[in-house]
Amino acid sequence: MQNPDQNKVIKILVSVLFIVLITYTHILKAQNIIEKVTKKVFSTERDSARSGFFMILPAFGYAQETGVEYGIASNYNFYLNKKDTSIRSSNILLMGTYTSKKQSNIKLQTDIWTSNNNYHIVSEIRYRNWPFNFYGIGMDTKKIDEDLISQKLFRAKVEVEKKIIPHYYTGVNIQYDYLQFRDKESGGIFDEASLIGKNGGQQLLIGISQLYDNRNNVSYTTKGYYARAKLAYAPKLWTKEDFEGGIFDTDLRGFFPLHQKVTLAAQAIYRATFGKTIPFYAYRDIGGDMMMRGYYIGRYKDKNYLASQAELRYRFHPRFGVTGFVGLGSVFSKEYNARFVPSYGGGLRYFFSLEHNSNIRIDYAFGEQRPGEKRQSGFYLSLSEAF
């Protein structure tokens, strides 16, 4: 018979063996997970099944006017007809964030290409309960005049374009906006400015568009041209301060392969607002994560907007790339002269779907430095390229 000490030793050995086995199993599982994640992140293999791909990112930030912001940004890329090898990638983008000061921002966007790319359909539904800083009109606004304005926006938009001949489309579009504004503190520049539509309003835009597009890929273009013009009219339907007039937008892009892994991309835009009654919310803004990065969107605001940018894109690995960019732009009108300001910066790219060439974009950009102010700059985390 075994004595008590032997029994204790056997129990200890069995326990140690059990712990080792459990630990080894977890290590194998962890290694398996790491291998799967590593393969998923770094793999250079494309999806031969042409399946859809879903990506979700956490959204987190902080600003004095909003407090802590948190939410999600998700993107779904897919082919409407997987058997059609010529069809372009479609996508659905859903973003939703909420802040500690009870503000919210929800956006649903779709960009759909049908079989043989015969139809291109773009839609957007947005609700935005979000403050913004107003600095005045024109290119000579000052940081010290910053005036916090609360805003509520509801937007619904649909654009449908039909291919007429190869690469050329003609289309119709409709957009409805409902806006409300309230000055957080009276006596600021917003109160003093002579503007139409300070309390908000509505606008219904009905228009047409023309598009030439022979890009080799819509998500990450390395060769081709894109030229789009849009003209829309806003009739007087509600109050005397609602927008009555029109808008004209042009967007020109060119993509030039300099090397197998290097692309030069260029874009120029012109946006004009005209008519009998033009409320300030119909004005055009410099800034944001698409054009003139590095500027707070709305720091410079006026009826017309002209800007250009160029990017040098180096995709050194199928999954990773880097970008450097420069830009130049201004807003202007009859009342306020143009003054072109620079934008420049760089960023990283991670391609989460090789089949659809979809990526996560991380940029940091700089703008001008006004006398007595810090240099304007901005950090951007987005899904897809700026253009």
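Two strands count as paired here if DSSP finds at least two bridges between them. Strands themselves are DSSP runs of E with at least two residues, while helices are runs of H or I with at least four, and both are numbered from the N terminus. With that in hand, take Glu 69, which stands opposite Thr 99 in β3. Strand β3 covers residues 90-99, and β2 pairs with it in the antiparallel sense over 10 bridges. On to β1 (residues 53-63), which pairs with β2 (residues 67-78), again antiparallel, over 11 bridges. One of the residues involved is Phe 53, whose bridge partner in β2 is Asn 77. The turn from β1 to β2 is a hairpin with 3 residues between the strands.

Before going further, a word on what you're looking at. This is a predicted model, in which local features need pLDDT of at least 70 and side-chain atom pairs count only at pLDDT 80 or more, while totals for chains, interfaces and linings use all residues. Residues are numbered from 1 along each chain as its sequence is written, and side-chain values use heavy atoms, with hydrogens and water left out.

Now zoom out. The protein chain has 2 helices and 19 strands. Of its 387 residues, 45% are buried, meaning under 20% relative accessible area (exposed is over 50%, partly exposed is in between; 1.4 Å probe, protein chains only). The chain exposes about 20,900 Å², with carbon and sulfur atoms supplying 61% of that; these areas come from the Shrake-Rupley method with a 1.4 Å probe, and for residues only the protein chains shown count as cover. As for contacts (heavy atoms within 4.5 Å), take those between residues at least 6 apart in sequence: 57% of them join residues at least 24 apart.

Next stop, β5. This strand runs over residues 119-129 and holds Arg 126. Despite its charged side chain, is Arg 126 buried or exposed? Arg 126 counts as buried because its relative accessible area is 17%. Its side chain makes a polar contact of 3.3 Å with the side chain of Glu 124. (A polar contact is a pair of N or O atoms within 3.5 Å; within protein, one must be able to donate a hydrogen and the other to accept it, and residues adjacent in sequence count only if both atoms are side-chain atoms.) Setting aside neighbours within four places in sequence, Arg 126 touches Ile 106, Lys 107, Leu 153, Phe 154 and Arg 155. Just before β5, in the loop that follows β4 (104-113), you'll find Asn 116. Its phi is near 60°, a positive value in a residue other than glycine, and Asn 116 is partly exposed at 41% relative accessible area.

Let's move to the aromatics. A search of the whole structure finds 21 aromatic pairs, where rings of Phe, Tyr and Trp (its six-membered ring) pair if their centres lie within 6.5 Å, with planes under 30 degrees apart called stacked, over 60 edge-to-face and the rest tilted. Phe 134 and Phe 280 have ring centres 6.0 Å apart and planes at 80°, so they are an edge-to-face pair. Phe 134 belongs to β6 (residues 132-134) and Phe 280 to the loop between β12 (262-277) and β13 (284-285), so the pair ties together parts 146 residues apart in sequence. Phe 134 is buried at 1% relative accessibility, and Phe 280 is buried at 2%. Both rings belong to one aromatic cluster with Phe 132, Phe 181, Phe 190 and Tyr 281. Lys 198 lies over the face of Phe 190, 5.8 Å from the ring centre. For a charge to sit over a ring, NZ of Lys or CZ of Arg must be within 6 Å of the ring centre and within 35 degrees of the ring normal.

Finally, visit two buried spots. Thr 221 sits in the loop between β9 (200-213) and β10 (224-234), and is buried at 4% relative accessible area. Its side chain reaches the backbone oxygen of Asn 217 at 2.5 Å. Val 331, in strand β16 (residues 320-332), is buried with a relative accessible area of 0%. The C-alpha atoms of Val 331 and Lys 301 are 6.3 Å apart, though 30 residues separate them along the chain.
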